[in-house]
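Trainee: I'd like to go through this model and ask how each label is earned. Can you walk me through the reasoning?

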Protein chains: 2
Amino acid sequence: MELNDLLRQQSEWLKGAGPSAEIVMSSRVRLARNLERVPFSHWANKKQLEQALNSVETAILESGCLDDPISVRLKGVEEVDRQFLVERHLISREHGVNPDHKSVVFSRNEMLSIMVNEEDHLRIQALQSGLSIHQAWGRANRADDLLSERLTFAFRKEFGYLTCCPTNAGTGIRASVMMHLPSLVLTKQINKVLQAIAKLNLTSRGLYGEGTEASGNFFQISNQFTLGQSEEEIIDHLQRVVLQVIEHEQNARRALLAQNRELLEDRIWRAYGTLKGARIITSHETIDLLSTVRLGVDMGLLKDVERATLNDLFIMTQPAHLQKLEGKVLGAAERDVKRAALVRERLTKRSAG
Amino acid sequence: MELNDLLRQQSEWLKGAGPSAEIVMSSRVRLARNLERVPFSHWANKKQLEQALNSVETAILESGCLDDPISVRLKGVEEVDRQFLVERHLISREHGVNPDHKSVVFSRNEMLSIMVNEEDHLRIQALQSGLSIHQAWGRANRADDLLSERLTFAFRKEFGYLTCCPTNAGTGIRASVMMHLPSLVLTKQINKVLQAIAKLNLTSRGLYGEGTEASGNFFQISNQFTLGQSEEEIIDHLQRVVLQVIEHEQNARRALLAQNRELLEDRIWRAYGTLKGARIITSHETIDLLSTVRLGVDMGLLKDVERATLNDLFIMTQPAHLQKLEGKVLGAAERDVKRAALVRERLTKRSAG
């Protein structure tokens, strides 16, 4: 099991690099694919699922679609490790829950991962830092092409790719951008912006996708429809809207700076002081405070810490990451203590004082 | 006007020294005296008040009862300066409000001060750090003796000293001890303790005396009655009760350390982090946070800062002190910004980092 190795590296998408990295945490493209003549995962029997698992894994490894691939069969993997993969955005929550006949194969740099036997037989996901939807799409598309040479995907001329849930049919693409919009929240413009996004056929979700609430002022904006448009059109549309949201957030930041600089700095430095002081801290409070400090770093108001350090802390302070760092199961109260210690250590190590 | 000089020195009673200084901020003894054959200040006419003012001031200066005396006639003194004297505990709130025919004379080290034409013609006050009621009494008593050689105080064999308010008649003494009782507050034992204190004929007040609320977990414990007991009996009784309250606070601190160390450290370090981070902070929040940090210092949990620095900040962050430091009138919002800057500067200067 090489999962522990991941603890010592930072996922590429957390590096805080790439275009508009001061507002866009990461870009993601996910393609849903199913095997022809095999029932969707939910309807397939054990034998069919096991066959699909084997043939897809073999195709992934033989096609060379992933650099330096790591393959993890989820059955037999401890719950904390599955949760760890969820926290790293390598698998979905759903994929971690019932691990039978499921696996994930991902490139060591974590920029490309493929879930096998999730809702669809294949979920190809490309993830990278900054506003890089086109690049992510390029990498997902290349993997799809390479896999198509070895697997026959369920495809109908009139519908496009068939998927378990009809909302994914057609292109099977979901492109999403994780945006950090603290100033739109602070200036109470966020609801207006999210409503506008909804009218443009895009949806907004929280840090961990569908059904999760926005926390830490992170909003995952993605396409709502997969049918009737080409992948490029879907991506271009998302990119255009995201650029507008970026502009709104930038305007809100400028307005805060011009009109409420002291109030803003107060918030930012209090959050930083609390993070460096706390001895007990929940995951929820940590995310909120990190979000505020990140705004300070992104606006150049706080220079003691790197954006990449903060991004890393968003993930490292999650429950499974904390437990893997400690090498043992920890209750919620123990985690709150370890979390505070980790935050303090990381912020002190990287800061000037 | 030498008031600005005071800004550059720390009042002796803030030094955080003396017996039980980890719980007792300061001890104070105040004697109320009135001139024979002169109506009490409230009833006297302008001429009588002016005569009383002159004769008392002359007696103070000629008697040598104050070391290196500074004399301040309050009429003509700006409101911010009068408020400054209140914040330093050199005069009462009431004394600062209507300054006509009033003065204060105090020793340069601020350990002894005499208000003239407050409610009583003379209010002799000795103030010093730690649990030092007997010493404070000794100094107030010596000043009283020296002044008695030059002034005739209103005194009746059957009543003792006559005072404007009958609750002060007899000895005219009020002995009080400013106690810092954060652990009794945290462990919710404070009301029980205050009730017990009341049954023992002692009263509890806030930082700035009668009518002020307890803030920052400071409680000023003093004798309720001035009649029917000698000064020594009153002081001995107060001292005995205060020693018991100290023991309760110490027990509460030990219990917190044994049972809730992490929670306690979390509170203390968050308070410290917030004080070092804030860019805007009210007086009320400052006092609360300083109180928590002081508990950390007094318990040896936080070693980055000296008790004397914290004590000083309790006073320096008050409105008039901030304005005198800046050398100009500041509105509440401006003060909140200056206060945060001052706290940050002082805590950073004295801390290791």
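**How the labels are earned**

Mentor: Sure, and keep in mind that this is a predicted model. As a start, buried residues make up 59% of the 353 residues in chain A.

Trainee: What makes chain A as compact as a globular protein of that length?

Mentor: First the inventory: chain A has 12 helices and 10 strands. Its radius of gyration is 21 Å, and the globule rule gives 20 Å for 353 residues; the two values are close, so chain A is as compact as a globular protein of that length. If you want the box around its C-alpha atoms, that is roughly 65 × 45 × 30 Å along the principal axes.

Trainee: What share of the contacts in chain A join residues at least 24 apart?

Mentor: Counting contacts between residues at least 6 apart in sequence, 73% are of that kind.

Trainee: And what about the surface and charges of chain A?

Mentor: About 14900 Å² is exposed, with 49% of it from carbon and sulfur atoms. The side chains include 46 positive and 45 negative ones, and the centres of those two sets are 2 Å apart.

Trainee: How do you know what kind of axis relates chain A and chain B?

Mentor: Look at the superposition: a rotation of 179° with 0.0 Å of shift along its axis puts chain A on chain B, at an RMSD of 0.0 Å. That is how a two-fold axis relates copies. In chain A, Gly273(A) has the C-alpha nearest the axis, at 2.0 Å.

Trainee: Why do you say that the copies meet through the same surface?

Mentor: Because 100% of the interface residues of chain A are interface residues in chain B as well.

Trainee: On to single residues. Why is His101(B) called buried, while Asn217(B) is called partly exposed?

Mentor: The cut-off for buried is under 20% relative accessible area, and partly exposed runs from there up to 50%. His101(B) has 17%, so it counts as buried. Asn217(B) has 21%, so it is partly exposed.

Trainee: What is notable about phi in those two residues?

Mentor: Most residues other than glycine have a negative phi. His101(B) has a positive one of about 60°, and Asn217(B) has a positive phi near 60°. His101(B) sits in the loop between helix H4 (93–97) and strand E3 (103–107) of chain B. Asn217(B) belongs to the loop between strand E9 (202–205) and strand E10 (218–223) of chain B.

Trainee: What makes helix H3 of chain B largely enclosed by the rest of the structure?

Mentor: Count its residues: 7 of the 9 in helix H3 (residues 79–87) are buried, so the helix is largely enclosed. Among them are Val80(B), Phe84(B) and Leu85(B). The cover over the buried residues of H3(B) includes helix H1 (3–7), strand E2 (69–73) and helix H11 (319–326) of chain B. Just after H3(B) comes His89(B), with a positive phi of about 65°.

Trainee: How does that reasoning go for helix H10 of chain B?

Mentor: In helix H10 (residues 307–316), 8 of the 10 residues are buried, so it is largely enclosed by the rest of the structure. The buried ones include Leu310(B), Leu313(B) and Phe314(B). H10 of chain B is also among the elements that cover the buried residues of H3(B).

Trainee: Why is Ile114(B) called buried, and what does it touch?

Mentor: Its relative accessibility is 0%, so Ile114(B) counts as buried. Ile114(B) is in strand E4 (residues 112–116) of chain B. Its contacts beyond four places in sequence include Ile60(B), Cys65(B), Val104(B) and Leu147(B).

Trainee: How do you know that Val193(B) and Leu301(B) are buried?

Mentor: Set each value against the 20% cut-off. Val193(B), in helix H7 (residues 190–199) of chain B, has 8% and is therefore buried. Leu301(B), in the loop between helix H9 (283–298) and H10 of chain B, has 13% and is therefore buried. Leaving aside neighbours within four places in sequence, Val193(B) is in contact with Leu184(B) and Val245(B). On that basis the contacts of Leu301(B) include Leu257(B), Ile268(B) and Trp269(B).

Conventions. Residues are numbered from 1 along each chain as its sequence is written. Chains are lettered from A and ligands numbered from 1 in the order in which they are written. This is a predicted model: local features need pLDDT of at least 70, side-chain atom pairs count only at pLDDT 80 or more; totals for chains, interfaces and linings use all residues. Side-chain values use heavy atoms; hydrogens and water are left out. Helices (H or I, at least four residues) and strands (E, at least two) are DSSP runs, numbered from the N terminus. The radius of gyration is taken over C-alpha atoms; the globule rule is 2.2 Å times the number of residues to the power 0.38. Buried means under 20% relative accessible area, exposed over 50%, partly exposed in between (1.4 Å probe, protein chains only). Contact means heavy atoms within 4.5 Å. Accessible areas come from the Shrake-Rupley method with a 1.4 Å probe; for residues, only the protein chains shown count as cover. Lys and Arg count as positive and Asp and Glu as negative; His and the chain ends are not counted. The place of a charge is taken as NZ of Lys, CZ of Arg, CG of Asp or CD of Glu. Copies are superposed by least squares on the C-alpha atoms of residues with pLDDT of at least 70 in both.
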